[in-house]
Amino acid sequence: MPDPRSPYFPDIRLLNPNRRLVWCSVALVLLCLTPIAYANQTASLWSRHHLFGDWGGIRPFLAAHGVKLGAVEQPVPSDVLGGGAKQGKAFAGLLTLSARVHLGRYTGIDGLSAYVSAWIVQGHGPTAYYVHSLSGLSYEEATDGARLGDAYLNWRAPHDVIHIKIGKFGIDENFDQNPAASMLVNSNFTYRNIMANNLPGGGPAYSYEGPGVMIAFQATRQLRLRGGLFSGDPLGQPLEGPAPPARDSNGLIFPLNTGALMIGEADYAYHLPGLGEGEVLAGGLYDTLSRPDLLYSVTGHSLAFNAIGLNVGTPRPDHGDYVIYAGDTQTLWHGRGSRRLRLFSRIAYAPPSHNLISLDVQGGIVLNGTFPGRSHDSAAFAISYDRISARKISLIRAENALGGADKPLPSAETDFELDYTARIAPWLTTTPDLQYILHPGGGIPDPEDRTKIEPNAVVAQMEFTIVF
């Protein structure tokens, strides 16, 4: 199934967003004002690393036995200020509960650990309901409900020369990483649209991970190699059918008979005199599952004939799918401590025959340690460009010619994002975020006038991260 964030397959289920926003905001305030009965009273509220301190001694006791528990809430209230299908307020939230057990102390295998997490997604953001953009306007947006996140065994050799992970996890955790842009709110900078909108089930990534294995090898001091093998569809087959929530609402399925997704990557660390450290990466993935062609039917005719009532059959299955990608992060300036200015760029390509997005290009600049005395703050500005495949455009052009319709031809979506992350306390950060979406969905029809493209959107958000 396509990613539910896609404007072509929208998950339009926003239940009274204003009420959600009010209640979630009230809950957040009450949570912060709740007497912390189990907190370490010797530590100031604003200097401790966790809102609830050491849980009355429970946290250090568990740590002494190799167990680390985590609880992080990320609420994101938002407001579509202009454009899009319509304007309004929305709320999305993500609570991540996790446990990591260091098994080395019990098994004698140094570097062995187990990790499990659960996601509790709250509300619905503005992406599918208001803006219909290709990108998730915040990474936290997903179908609401509780589900299993990660569940895997992890082993690291001394000095991290070899890293092996096996279980249920996502390719967005270890592949195509872009650490300079990690503070950006738009999901495209964390997990590319060209994967989330094209791959079966959205690919193994948040919010539906897939069973798989990953092996990383530090070949030299500068070169690191990674390879992974995952289920071809984290939601299981068939590709057509119920929406993702009905197929894996709790994240507990481990499909092992739905093809295979293979991914490989190499990253190389370098240093440019006069500038600083940099890292370039290149990789690619291949999914063995067939995907429906965007233009031709099983009979070889254009699918455009279906739009005028001439049934030419279902889309032709195109065997296999791939994405190739590359990226670079370069330090432009390094000040005292952690202060530095970095530039990043990324590009990815997928075949246009059966992929909605055929080209993804990104770039941005990030300043860490924005001001003296604010070493943990960051500011960023980034742009992403996602081009709609030529075959999708050809289909709409053919439908217009056959049916006399006047649908606008899609082209590409371009997103601009500006944000600032401020650490209020070790357990609390805030990220005010402003995004401008040029041609949402690549230029899909405006619901108010199907002969025009949907208006460009302006979206303001505030992402909070609260570590309990």
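Over the face of which residue does lysine 165 lie? In this predicted model, the answer is phenylalanine 169, with lysine 165 placed 4.9 Å from the ring centre. Lysine 165 also takes part in a salt bridge with glutamate 173, in which the closest N and O atoms are 3.4 Å apart. The two partners of this salt bridge can be described by their accessibility. Lysine 165 has a relative accessible area of 4% and is therefore buried, whereas glutamate 173, at 25%, counts as partly exposed. A further lysine is found over an aromatic ring: the charged end of lysine 168 sits 4.7 Å from the centre of the ring of phenylalanine 254.

Phenylalanine 169 leads on to the aromatic contacts of the model. A pair of aromatic rings is described by the distance of the centres and the angle of the planes. The count of aromatic pairs comes to 10. One of them joins tryptophan 119 and tyrosine 206 in an edge-to-face arrangement, with 4.9 Å from centre to centre and 80° between the planes. Tryptophan 119 belongs to strand β3 (residues 112-124) and tyrosine 206 to the loop between α5 (193-196) and β6 (210-218), so this pair ties together parts that lie 87 residues apart in sequence. Tryptophan 119 and tyrosine 206 are both buried.

Tyrosine 152 and phenylalanine 169 likewise make an edge-to-face aromatic pair, for which the centres are 5.8 Å apart and the planes meet at 70°. Here tyrosine 152 comes from strand β4 (residues 145-156) and phenylalanine 169 from strand β5 (residues 162-169), so the pair ties together parts separated by 17 residues in sequence. Tyrosine 152 is buried, and phenylalanine 169 is buried too. Both rings belong to a cluster in which ring pairs link Tyr115, Tyr152, Phe169 and Phe230. The ring of phenylalanine 169 thus appears in this cluster and also has lysine 165 over its face.

Attention can now turn to the strands further along the chain. Strand β9 (residues 276-287) and strand β12 (residues 321-334) run antiparallel and are joined by 10 bridges. Within this pairing, glycine 278 has glutamine 330 of β12 as its bridge partner. Strand β12 also pairs with strand β13 (residues 340-349), again in the antiparallel sense and over 10 bridges. Glutamine 330 is found in this second pairing as well, standing opposite leucine 343 of β13. A hairpin is formed by β12 and β13, with 5 residues between the two strands. In its turn, glycine 337 has a positive phi of about 60°.

Leucine 343 reappears at the surface, in a nonpolar patch that has about 900 Å² of accessible area in total. Other members of this patch include Leu332, Trp333, Phe381, Ile383 and Leu434. At least two residues of the patch are supplied by β12, and at least two by β15 (378-388). Leucine 434 is located in strand β17 (residues 428-438) and, with a relative accessibility of 42%, counts as partly exposed. Another partly exposed nonpolar residue is isoleucine 215, whose relative accessible area is 47%. Isoleucine 215 lies in strand β6, and its C-alpha atom is separated by 8.9 Å from that of isoleucine 166, a residue 49 positions away along the chain.

Finally, how many salt bridges does a search of the whole structure find? The search gives 15. Among them is the contact between aspartate 176 and arginine 346, with the closest N and O atoms 3.1 Å apart. Aspartate 176 lies in the loop between β5 and α5 and arginine 346 in strand β13, so this salt bridge ties together parts that are 170 residues apart in sequence. Aspartate 176 is buried, at 6% relative accessible area, and arginine 346 is buried as well, at 4%.

Arginine 192 forms a salt bridge with aspartate 360, where the closest N and O atoms are 3.0 Å apart. As arginine 192 lies in the loop between β5 and α5 and aspartate 360 in strand β14 (residues 357-368), the pair ties together parts 168 residues apart in sequence. Arginine 192 and aspartate 360 are both buried. The two contacts come together in a network of salt bridges that links Asp176, Arg192, Arg346 and Asp360.

Terms used
Residues are numbered from 1 along each chain as its sequence is written. This is a predicted model: local features need pLDDT of at least 70, side-chain atom pairs count only at pLDDT 80 or more; totals for chains, interfaces and linings use all residues. Side-chain values use heavy atoms; hydrogens and water are left out. Two strands pair if DSSP finds at least two bridges between them. Helices (H or I, at least four residues) and strands (E, at least two) are DSSP runs, numbered from the N terminus. Rings of Phe, Tyr and Trp (its six-membered ring) pair if their centres lie within 6.5 Å; planes under 30 degrees apart count as stacked, over 60 as edge-to-face and the rest as tilted. Buried means under 20% relative accessible area, exposed over 50%, partly exposed in between (1.4 Å probe, protein chains only). A charge sits over a ring if NZ of Lys or CZ of Arg is within 6 Å of the ring centre and within 35 degrees of the ring normal. Patches are made of residues with over 30% relative accessible area and no salt bridge: like charges are joined within 9 Å, nonpolar side chains (Val, Leu, Ile, Met, Phe, Trp, Tyr) within 5 Å. Accessible areas come from the Shrake-Rupley method with a 1.4 Å probe; for residues, only the protein chains shown count as cover. A salt bridge is a side-chain nitrogen of Lys or Arg within 4 Å of a carboxyl oxygen of Asp or Glu.
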